[in-house]
Amino acid sequence: MSPQALTTTDMPKLKLLAKGKVRDIYALPDAQDEDKLLFVATDRISAFDVIMENGIPNKGCLLTTLSLFWFEKLAKIIPHHVIAPSPSSCHDADTSQAWESFPRSLDEYRSQLEGRSMIVKKCEVVKVEAIVRGYITGSAWSEYKKSQTVHTIPMPAGLVESQKLPKPIFTPSTKADQGEHDENIHPDKVKDICGAELAAEIERVAIALYTEAAEYAATRGIILADTKFEFGLLPSAEPNGKAQLILIDEVLTPDSSRYWAAATYEEGKPQDSFDKQYLRDWLIANGKKAVDGVSLPADVVEKTEEKYREAKERIMGQGQWA
């Protein structure tokens, strides 16, 4: 029997700071931890900006495990926000050891937190979704067919759907407030949001992260078609020092990335992906796109969970968390 999906967290002794489509963010109860946050990845799932009534069992644990794996692998490029559990612990199938790195004040909520939560550094969030595309698909393909551009960037003539681009491109969007929609923007507009120097650094780092991840994924028989990174700024310890750019939120999960199987890849058509595309296709086929209050049938829940699990296992191998 599949475990029940955790779609709502209930921790009355903790202050809930924010509730997103997937993650709940809490303040830690201990006074000495005011510079930290508790991120909890629930099993909620959304599509077309609507959260489904029921969740996908284990999804939050799978997302957390994969994020921790990538935070560790990419730390040589940029520091990340994770304090606990140690990203290296995602290689250990025994989550109890990782739990020991959490404050004992959270023990009463262990059943809601273990395997699906991270304690992270509090920082200023950069209001940019740093999207990098290595292949033309999704909304990029839709725009290209109309105007031969992607995020208004002129692209070569004659591209076909799912084709690999000559080089990865940075195609950012605004990071909208809760309830609002992100807006695709030209890379040049990022400097209007966060300044020219930081904008250039975000583009450089995002492309470096994508390139490193895509090269690794290829060794696992996976194509990383595109992905989204988020960044934060940590204040300097020096009075007039420069804030440090760090990688935050989740990283390279099926919720933020498009993964394809290399063995079945064929340009010129859509690809099967290891994410919620199966769910999106079901919603469209059943006339439920962007409809509130949708409850997913058991077979759609099971198939979606299989897609998320396969992505994690292909990238990390079997036997790790979740």
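**Exercise 1. The end of a helix**

Which residue follows H6, and what is the sign of its phi?

Solution. The model is predicted. Step 1: locate the helix, which covers residues 196–219. Step 2: look past its end, where Gly221 follows H6. Step 3: read the backbone angle; the phi of Gly221 is positive, near 75°.

**Exercise 2. The length and packing of H6**

Compare the span of helix H6 with the expected span, then find what its buried residues pack against.

Solution. Step 1: count the residues of H6, which number 24. Step 2: take the distance from the first C-alpha of H6 to its last, which is 35 Å. Step 3: set this beside the 34 Å expected at 1.5 Å a residue; the two values are close.

Step 4: list buried residues of H6. Among them are Leu198, Ala199, Ile202, Val205, Ala206 and Leu209. Tyr210, Ala213, Ala214 and Ala217 are buried as well. Step 5: recall a general rule for reading such a list. An α-helix has 3.6 residues a turn, so residues three or four places apart point the same way.

Step 6: find the partners. The buried residues of H6 pack against helices H1 (59–73) and H5 (190–194). They also pack against the strands S9, S12 (164–170), S14 (222–234) and S15 (244–248).

Step 7: check a residue of H6 that belongs to the other class. Glu197 lies in H6 and is exposed, because its relative accessible area is 58% and the cut-off for exposed is over 50%. Between the C-alpha atoms of Glu197 and Tyr308 there are 37 Å in space, and the two residues are 111 apart in sequence.

**Exercise 3. Two threonines**

Decide whether Thr137 and Thr64 are buried or exposed, and name the residues that each one touches.

Solution. Step 1: place Thr137 in the loop between strand S9 (128–135) and helix H4 (138–147). Step 2: apply the cut-off. Thr137 has a relative accessible area of 6%, and buried means under 20%, so Thr137 is buried. Step 3: leave out residues up to four places away in sequence; Thr137 then touches Ser162, Asp226, Arg258 and Trp260.

Step 4: place Thr64, which is in helix H1. Step 5: apply the cut-off again. Thr64 has a relative accessibility of 4%, so it counts as buried. Step 6: with residues up to four places away left out, Thr64 touches Ala41, Gly115, Arg116, Ser117 and Met118.

**Exercise 4. Pro156 and Gln148**

Describe the surroundings of Pro156, then turn to its contact Gln148.

Solution. Step 1: find Pro156 in the loop between strand S11 (153–154) and S12. Step 2: classify it; a relative accessibility of 36% makes Pro156 partly exposed. Step 3: set aside neighbours within four places in sequence, which leaves Tyr144, Gln148 and Pro166 in contact with Pro156. Step 4: take one of these, Pro166, which is 10 residues along the chain from Pro156; their C-alpha atoms are separated by 9.0 Å.

Step 5: take Gln148, which sits in the loop between H4 and strand S10 (149–150). Gln148 is partly exposed at 37% relative accessibility. Its phi is positive, about 60°, although Gln148 is not a glycine.

**Exercise 5. Backbone exceptions**

Find out what is unusual in the backbone at Asp49 and at the bond between Ala84 and Pro85.

Solution. Step 1: start from the general rule. Most residues other than glycine have a negative phi, and most peptide bonds are trans. Step 2: examine Asp49, in the loop between strands S4 (46–47) and S5 (50–51). Its phi is positive, near 65°. Asp49 is partly exposed, with a relative accessible area of 45%.

Step 3: examine the bond that joins Ala84 and Pro85, which is cis with an omega of about -5°. Pro85 lies in the loop between strand S6 (82–84) and helix H2 (95–99).

**Exercise 6. The whole chain**

Judge how compact the chain is for its length.

Solution. Step 1: note the make-up of the chain, with eight helices and 16 strands. Step 2: compare radii. The radius of gyration is 19 Å, close to the 20 Å that the globule rule gives for 322 residues, so the chain is as compact as a globular protein of that length. Step 3: add the burial figure; 50% of the 322 residues count as buried. Step 4: consider contacts between residues at least 6 apart in sequence, of which 65% join residues at least 24 apart.

Definitions and conventions:
Residues are numbered from 1 along each chain as its sequence is written. This is a predicted model: local features need pLDDT of at least 70, side-chain atom pairs count only at pLDDT 80 or more; totals for chains, interfaces and linings use all residues. Side-chain values use heavy atoms; hydrogens and water are left out. Helices (H or I, at least four residues) and strands (E, at least two) are DSSP runs, numbered from the N terminus. The radius of gyration is taken over C-alpha atoms; the globule rule is 2.2 Å times the number of residues to the power 0.38. Buried means under 20% relative accessible area, exposed over 50%, partly exposed in between (1.4 Å probe, protein chains only). Contact means heavy atoms within 4.5 Å. The expected span of a helix is 1.5 Å times one less than its number of residues.
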